[in-house]
Amino acid sequence: MLAIIGGSGMAQLSYLEIAHRQIIRTPYGEPSGPFTFGNVNGQDIVFLARHGLGHTIPPHQINYRANVWALHSLKPKFVVAVAAVGGIRSDLKPGTLIIPSQIIDYTYGRDFTFFDSTEQPVTHVDFTYPYCTVTREKLLEAARQAEEPVIDGGVYAAMQGPRLETAAEINRIERDGGDIVGMTGMPEAALARELGLNYATLAVVANYAAGRGTSIETIPLKEIYTVLEEAMVRVRNIIEYWVQCNGNKTST
Ligand code: HPA
């Protein structure tokens with residue numbers, strides 16, 4: 001089964017034939033909302049709206065541990081995390097889809113690990129390559145089949161939010177090597193790795209980052225949702241192709 005975590009602009013998968021919704025309790029509290037089980041072209045999919053069904057949970061208040069723990073309990077074969085980002089690199093204009101390959105984490109004060117008990121041995125996970133290679137490849141292949149252009153690779157900078165960045169912060173992130181900036185990529189990716197999930201991100205550039213392109217003076221917030229709405233059609237197309245490419249129920 002394929003699991004999808006939907007970000008801003010993707011609170012629902014409108015084409016999903018909904019079979020049922022399930023509330024999952026976890027040792028870490030409540031996930032962002034119920035898990036929606038459904039069907040795309042005969043294939044099973046489970047979907048979670050990261051910010052809640054009504055898009056009410058801000059990035060720093062998302063219970064990432066509950067979300068990832070609950071997802072893991074469903075044993076999905078792959079997890080695709082859809083996320084809205086700001087584009088820093090000049091070619092990453094609004095509407096661009098990008099499958100990042102690296103992360104820099106600037107977040108703070110979030111519950112970022114499952115391994116914080118003093119009752120278990122100290123555990124470190126390898127995070128050299130933070131996204132699952134196979135999941136990234138499958139996303140790239142689905143995008144190729146769907147004839148949807150996507151950029152292969154880039155550095156995702158995870159910021160605390162909920163405010164957007166200053167122009168100087170974006171300049172600093174660029175010097176650090178960041179290509180895109182978002183607020184929800186961490187600790188989600190690290191928690192997914194801790195539980196061994198095959199997790200990758202499909203990022204949608206919603207706007208130029210602060211101080212860049214059309215955001216030189218101010219980020220045009222009103223335009224973001226139009227951009228996301230348009231881009232989500234392409235995201236859905238890629239997911240449909242993923243499902244088609246991967247054939248039967250057990251291999252999705
Ligand atoms: N910065 C941080 N997060 C974002 C942005 C941004 O410019 N756009 C969408 N999510």
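The legends below describe close-up views of a predicted model.

**View 1. The shell of residues around the ligand.**
Ala84, Val85, Gly86, Leu164, Glu165, Val181, Gly182, Met183 and Asn207 surround the ligand. By residue type, this shell consists of five nonpolar, three polar and one charged residue. Two strands, strand 5 (78–87) and strand 10 (180–182), each contribute at least two residues to the shell. The largest contribution is that of strand 5, with three residues. The site occupied by the ligand is the largest pocket.

**View 2. Polar atoms of the protein beside the ligand nitrogen atoms.**
In the side chain of Glu165, an N or O atom is 2.7 Å from a nitrogen atom of the ligand. The backbone also takes part in this view: a polar backbone atom of Gly86 is 3.3 Å from a ligand nitrogen atom. For Ala84, a polar backbone atom is 3.4 Å from a nitrogen atom of the ligand. Of the 260 Å² of accessible area that the ligand has on its own, the protein covers 91%.

**View 3. The cis peptide bond between Gly161 and Pro162.**
Gly161 and Pro162 are joined by a peptide bond in the cis form, with omega about -5°. Pro162 lies in a loop that runs between strand 9 (155–158) and helix 3 (167–176).

**View 4. The cis peptide bond between Met186 and Pro187.**
Another cis peptide bond leads from Met186 to Pro187, and its omega is near 10°. Pro187 belongs to the loop between strand 10 and helix 4 (188–194). Strand 10 is also one of the elements that supply at least two residues to the shell around the ligand.

**View 5. Lys75, a residue with positive phi.**
Lys75 is not a glycine, yet its phi is positive, at about 55°. The loop that holds Lys75 connects helix 1 (64–73) and strand 5. Is Lys75 buried or exposed? Lys75 counts as exposed because its relative accessibility is 71%, and the cut-off for exposed is over 50%.

**View 6. Glu147, a residue with positive phi.**
Glu147, a residue other than glycine, has a positive phi near 60°. Glu147 is part of the loop between helix 2 (133–146) and strand 8 (151–152). With a relative accessible area of 70%, Glu147 is exposed.

**View 7. Ile88 in the loop after strand 5.**
Ile88 is located in the loop between strand 5 and strand 6 (97–99). Why does Ile88 count as buried? Its relative accessibility is 3%, and buried means under 20%. Leu202 is 114 residues from Ile88 in sequence. In space, the C-alpha atoms of Ile88 and Leu202 are 16 Å apart.

**View 8. The side chains of Thr113 and Glu194.**
Thr113 sits in the loop between strand 7 (102–105) and helix 2. The relative accessible area of Thr113 is 13%, so Thr113 is buried. Which residue has a side chain in polar contact with that of Thr113? The partner is Glu194, and the contact between the two side chains is 2.6 Å.

Terms used. Residues are numbered from 1 along each chain as its sequence is written. This is a predicted model: local features need pLDDT of at least 70, side-chain atom pairs count only at pLDDT 80 or more; totals for chains, interfaces and linings use all residues. Side-chain values use heavy atoms; hydrogens and water are left out. A residue is near a molecule or strand if one of its heavy atoms lies within 4 Å of it. A polar contact is a pair of N or O atoms within 3.5 Å; within protein, one must be able to donate a hydrogen and the other to accept it, and residues adjacent in sequence count only if both atoms are side-chain atoms. Accessible areas come from the Shrake-Rupley method with a 1.4 Å probe; for residues, only the protein chains shown count as cover. On a 1 Å grid over the protein atoms alone, a cavity is a set of points where a 1.4 Å probe fits but cannot get out, and a pocket is an open set with protein on both sides within 12 Å along at least five of seven lines; lining residues have an atom within 4 Å of a point. A molecule sits in a cavity or pocket if more than half of its atoms lie within 2 Å of its grid points. Helices (H or I, at least four residues) and strands (E, at least two) are DSSP runs, numbered from the N terminus. Ala, Val, Leu, Ile, Met, Phe, Trp, Tyr, Cys and Pro count as nonpolar, Asp, Glu, Lys and Arg as charged, and the others, Gly among them, as polar. Buried means under 20% relative accessible area, exposed over 50%, partly exposed in between (1.4 Å probe, protein chains only).
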